[in-house]
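Good morning, colleagues, and thank you for attending. I should like to take you through one structure, beginning with the overall fold and then turning to particular residues.

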Amino acid sequence: GQGTIRVTDATAATGKQSLRFTDAPGIKFFNPHLVMFSGRKSPAGAYRFSVDVMNDKKSPADIDIEFRDWSGKKILVGPQLIVRPDGRLLLGASEGGDADGTSLCQIPNGEWFNIDLRFSVTPEPGPQTFEITVRQNGQIRARKTNQPFLAPNFRTLTWGGIVSAGEENAAFYVDNLLFREETPVKAAIP
């Protein structure tokens, strides 16, 4: 069918299975998409997201991984990573992916890589930031810290997802998906 997410045994980063996202023309640009959570209202917390990704070698996709504050009338984008069909990984692309952001690195299509994204949300005024590390074969390909959320007024984590954001026949795979709230590390009392 058009625009699917299915378990497949065609490839895996580890183990024997992964999720295959298949995009197609004629469907909405945000389909298919995997919602990790929706409707939560977390005004404060520390979070970690990690996933292994491989863009299809023959039909690579536009991939959008993002976290949102959807508590008001407008969607506010926080941490976001865009993977382009040419293998470029970008931070800070415009909403809808129309403009390119800051280039993080380039990964050849058909090869697995890991994204490790960590961020905190606070209701306090001021910019929110995140850090991201991209690894391939256990080696760090890129690392950025203190990256600003796209929306400076992001205050409440309400949504997180992985989107196949193109409008062409395309595919990509994800494996070892992790999203969790982290316990802040407290300094030892002397």
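**Overall fold**

Reading along the sequence, one meets the pattern β-β-β-β-β-β-β-β-β-β-β-β-β. The radius of gyration is 16 Å, close to the 16 Å given by the globule rule for 190 residues, so the protein is as compact as a globular protein of that length. Please keep in mind throughout that this is a predicted model. In terms of secondary structure, the protein has 13 strands and zero helices.

As to dimensions, the C-alpha atoms fill a box of roughly 55 × 40 × 30 Å along the principal axes. Of the 190 residues, 46% count as buried. The accessible surface comes to about 9900 Å², and carbon and sulfur atoms account for 49% of that surface.

How do the contacts run along the chain? Taking contacts between residues at least 6 apart in sequence, 65% of them join residues at least 24 apart.

**Charges and salt bridges**

Let me turn to the charged side chains. The protein carries 22 positive and 21 negative side chains, and the centres of these two sets lie 4 Å apart. In general, side chains of opposite charge can pair when their charged atoms come close. How many salt bridges does the structure hold? The number is seven.

I shall discuss three of these pairs, starting with R84 and D62. Their closest N and O atoms are 3.2 Å apart, and the two residues form a salt bridge. This pair links distant parts of the chain: R84 sits in the loop between β6 (76-83) and β7 (88-91), while D62 sits in the loop between β4 (45-55) and β5 (63-69), and the two are 22 residues apart. Are these partners buried or exposed? R84 has a relative accessible area of 10% and is therefore buried, the limit being 20%. D62, with a relative accessible area of 22%, is partly exposed.

The second pair joins R68 to E66, with the closest N and O atoms 2.6 Å apart. Here R68 counts as buried at 14% relative accessibility, and E66 is buried as well, with a relative accessible area of 4%.

The third pair is E182 with R180, a salt bridge in which the closest N and O atoms are 2.6 Å apart. E182 counts as partly exposed, at 22% relative accessibility, and R180 also counts as partly exposed, at 37%. Which residues are linked with E182 and R180 in a network of salt bridges? They are R48, D116 and R118.

**Two buried residues**

I now come to T156, which is found in the loop between β11 (139-148) and β12 (157-164). Although T156 lies in a loop, its relative accessible area is 14%, so T156 is buried. What does T156 touch? Leaving aside neighbours within four places in sequence, T156 is in contact with K41, S42, P43, R68, D69, S71 and V121. One of these contacts is R68, the residue already mentioned as the salt-bridge partner of E66.

A170 is found in strand β13, which covers residues 170-182. At 8% relative accessibility, A170 counts as buried. Not counting residues up to four places away in sequence, A170 touches F21, T22, D23, S59, P60 and A61. How far is A170 from D69? The two are 101 residues apart in sequence, and their C-alpha atoms are 28 Å apart in space.

**Two asparagines with positive phi**

Finally, a point concerning the backbone. Most residues other than glycine have a negative phi. N137, which is not a glycine, has a positive phi of about 55 degrees. N137 is found in the loop between β10 (129-136) and β11, and at 72% relative accessibility it counts as exposed.

N146 likewise has a positive phi, near 50 degrees. Where is N146 found? N146 is in strand β11. With a relative accessibility of 60%, N146 counts as exposed.

**In closing**

To recapitulate, we have a predicted model with 13 strands and zero helices, and with seven salt bridges. Among the buried residues we discussed are T156 and A170, whereas N137 and N146 are exposed. Thank you for your attention.

Notes. Residues are numbered from 1 along each chain as its sequence is written. This is a predicted model: local features need pLDDT of at least 70, side-chain atom pairs count only at pLDDT 80 or more; totals for chains, interfaces and linings use all residues. Side-chain values use heavy atoms; hydrogens and water are left out. A salt bridge is a side-chain nitrogen of Lys or Arg within 4 Å of a carboxyl oxygen of Asp or Glu. Helices (H or I, at least four residues) and strands (E, at least two) are DSSP runs, numbered from the N terminus. Buried means under 20% relative accessible area, exposed over 50%, partly exposed in between (1.4 Å probe, protein chains only). Contact means heavy atoms within 4.5 Å. The radius of gyration is taken over C-alpha atoms; the globule rule is 2.2 Å times the number of residues to the power 0.38. Accessible areas come from the Shrake-Rupley method with a 1.4 Å probe; for residues, only the protein chains shown count as cover. Lys and Arg count as positive and Asp and Glu as negative; His and the chain ends are not counted. The place of a charge is taken as NZ of Lys, CZ of Arg, CG of Asp or CD of Glu.
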